[in-house]
Amino acid sequence: MSSVTSDLSLTENITTIIRPPYFYISGFTGIPNMEYYYVFLSLIYIISLVSTKQPIGANLVIILPCSPKYIAVFNLAFTDLCESTAQVPKLLDMFLFDRQFISYDQCLANLFFVFVFLTMQSFNLIILSYDRLVAICYPLRYHMIVTPRSMIQLTVSGWVFAVLIVLIAVGLITRLSFCRSVVINSYFCDHGPLFRLATPCSDVLPNLVMAKLLPCIVLYIPIIFIIASYIYFIALCTYCTDTFCRIRAMKTCTSHLTLVAIFYLPVIFTYLLQSLIQTNARIINLSLTSVLPPMLNPIIYVLKTEEFKVSAKRFLRRVAQREVCPVKTT
């Protein structure tokens with residue numbers, strides 16, 4: 001379908017801006033039997049739904065006494081669920097049922113929601129990194145610095161900023177004219193492949209600037225902050241003479257470091273080497289990055305926490321007591 005072009009007789013011409021009635025999502029090209037890969041993604045999505053549902057319920061119980069850390073953990077689980085839901089169902093509908101045409105408005109909506117949730121996932125990891133930094137470096141002042149109110153303020157600020165920058169990116173696309181190809185070489189309405197379609201017809205310099213700015217805000221600056229926080233943390237550990245203290249401090253960070261590696265490394269690798277990576281490889285990398293973290297995050301982070309373990313043991317103990325001593329009915 002690389003020959004698919006916009007039909008000018010069907011386009012909506014508003015003040016010389018040519019908007020096609022549809023776009024065509026190409027997905028994978030030249031690879032047979034890719035329906036099995038889409039089924040694989042659907043299975044991961046189902047597992048992520050099941051695994052995320054339980055930690056969200058557990059975190060609600062923990063959040064009730066207003067634990068600052070688990071406000072961020074709950075927001076991470078919620079964002080993971082929203083991000084995978086924004087991508088996977090539409091992806092399966094397009095490629096398993098051969099519905100790869102998407103309207104102009106639906107494409108922009110898909111772009112907006114996918115990028116908002118991806119951005120918020122990155123901001124959540126920054127918030128968790130800040131929480132760990134304060135907890136380890138300033139343990140005596142932790143409850144004065146990190147409060148439920150401050151954590152809610154950070155989370156809300158992250159959402160507002162994520163929505164704002166993605167709205168700007170989407171707004172810049174609405175000023176473009178698409179007078180030639182309408183084929184998007186991706187598996188969803190990706191920002192880069194979308195605005196580059198308007199290169200022959202419009203000035204895409206503002207969009208190109210936003211395409212360079214978004215990875216800096218969403219990927220590079222957050223990962224630099226996280227790396228710097230752990231360098232500072234390691235430097236502090238070198239002054240600690242107690243080996244048990246060092247091991248315990250490192251154990252508190254393993255979950256967060258694992259989440260950081262799973263989320264950032266594949267995406268940063270893809271963006272830095274996008275000119276050298278084939279389209280199919282880029283799609284596989286980004287699609288797996290969108291579904292694997294929502295499945296693994298609840299297992300890696302929530303299920304390893306002491307609070308969750310205690311809550312789970314209490315719940316299982318209550319269930320066992322009810323089975324041993326059933327309530328008598330009259």
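How far apart do the end C-alpha atoms of residues 257-277 lie? Select that span in the viewer: the end C-alpha atoms are 26 Å apart. The span is 76% helix and 0% strand. Keep in mind throughout that this is a predicted model.

**Stop 1: the annotated spans**

The span just selected comes from a UniProt record, an unreviewed entry, which lists residues 257-277 under "transmembrane region". The record gives that name to other spans too, including 36-52, 59-78 and 151-173. Another one of them is 108-130. Select residues 108-130: the chain there is 100% helix and 0% strand. The C-alpha atoms at the ends of residues 108-130 are 33 Å apart.

**Stop 2: helix 2**

Next, select residues 68-96, which make up helix 2. How many residues of helix 2 are buried? The count is 22 of its 29 residues, so helix 2 is mostly covered. The length can be checked as well. At 1.5 Å a residue, helix 2 should span 42 Å, and its end C-alpha atoms are 42 Å apart, so the two values agree.

Within helix 2, go to threonine 85. A kink of about 25° lies at this residue, shortly before proline 89. Cysteine 82 can be selected on the way; with a relative accessible area of 18%, cysteine 82 counts as buried because the cut-off is under 20%.

Move on past the end of the helix. Just after helix 2, aspartate 98 takes a positive phi of about 55°. Then select arginine 99 together with aspartate 93. Their side chains meet in a salt bridge, with N and O 2.7 Å apart. Is arginine 99 buried, exposed or partly exposed? Its relative accessibility is 47%, so arginine 99 counts as partly exposed.

**Stop 3: helix 3**

Select residues 104-137, which form helix 3. Serine 129 lies in this helix. Serine 129 is buried, with a relative accessible area of 1%. Which residues does serine 129 touch, leaving out those up to four places away in sequence? They are Phe225, Ile226, Ser229, Tyr230 and His256. Show their side chains along with serine 129 to see the contacts.

Now select aspartate 131 and arginine 132. Their side chains form a salt bridge with an N to O distance of 2.9 Å. Aspartate 131 is buried, at 1% relative accessible area. Arginine 132 is buried as well, at 12%.

**Stop 4: the disulfides**

A disulfide is a covalent bond between the sulfur atoms of two cysteines. How many disulfides does a search of the whole structure find? It finds 2.

For one of them, select cysteine 107 and cysteine 189, whose sulfur atoms are 2.1 Å apart. This pair links distant parts of the chain: cysteine 107 is in helix 3, cysteine 189 is in the loop between strand 5 and helix 6, and 82 residues separate them. The torsion about the S-S bond is about -130°, so this disulfide is left-handed. Both cysteine 107 and cysteine 189 are buried.

For the other, select cysteine 179 and cysteine 201, with sulfur atoms 1.8 Å apart. Cysteine 179 sits in the loop between helix 5 and strand 5, while cysteine 201 sits in the loop between helix 6 and helix 7, 22 residues apart. The torsion here is about -85°, so the disulfide of cysteine 179 and cysteine 201 is also left-handed. Cysteine 179 is partly exposed at 26% relative accessible area, and cysteine 201 is partly exposed at 26%.

Counting bonded cysteines along the chain, the disulfides follow the pattern 1-3, 2-4. Before leaving the cysteines, select cysteine 216, which is partly exposed at 31% relative accessibility.

**Stop 5: a salt bridge between distant parts**

The structure holds 3 salt bridges. To see the one not yet visited, select aspartate 190 and arginine 282, where the closest N and O atoms are 3.6 Å apart. Where in the chain do aspartate 190 and arginine 282 lie? Aspartate 190 is in the loop between strand 5 (183-184) and helix 6 (191-195), and arginine 282 is in helix 9 (residues 279-300). The two are 92 residues apart, and the pair links distant parts of the chain. Aspartate 190 is buried, at 7% relative accessibility. Arginine 282 is buried too, with a relative accessible area of 13%.

How values were computed:
Residues numbered from 1 in each chain as written. Predicted model: local features only at pLDDT ≥ 70, side-chain atom pairs only at ≥ 80, totals over all residues. Heavy atoms only, no water. Salt bridge = Lys/Arg side-chain N within 4 Å of Asp/Glu carboxyl O. Buried < 20%, exposed > 50% of the residue type's maximum accessible area, 1.4 Å probe, protein only. Helix = DSSP H or I, 4+ residues; strand = E, 2+ residues; numbered from the N terminus. Disulfide = S-S within 2.5 Å. UniProt positions renumbered as here; feature names shortened; annotations may be inferred. Contact = heavy atoms within 4.5 Å. Expected span 1.5 Å × (residues − 1). Bend = angle between axes of the 7 residues up to and from the residue.
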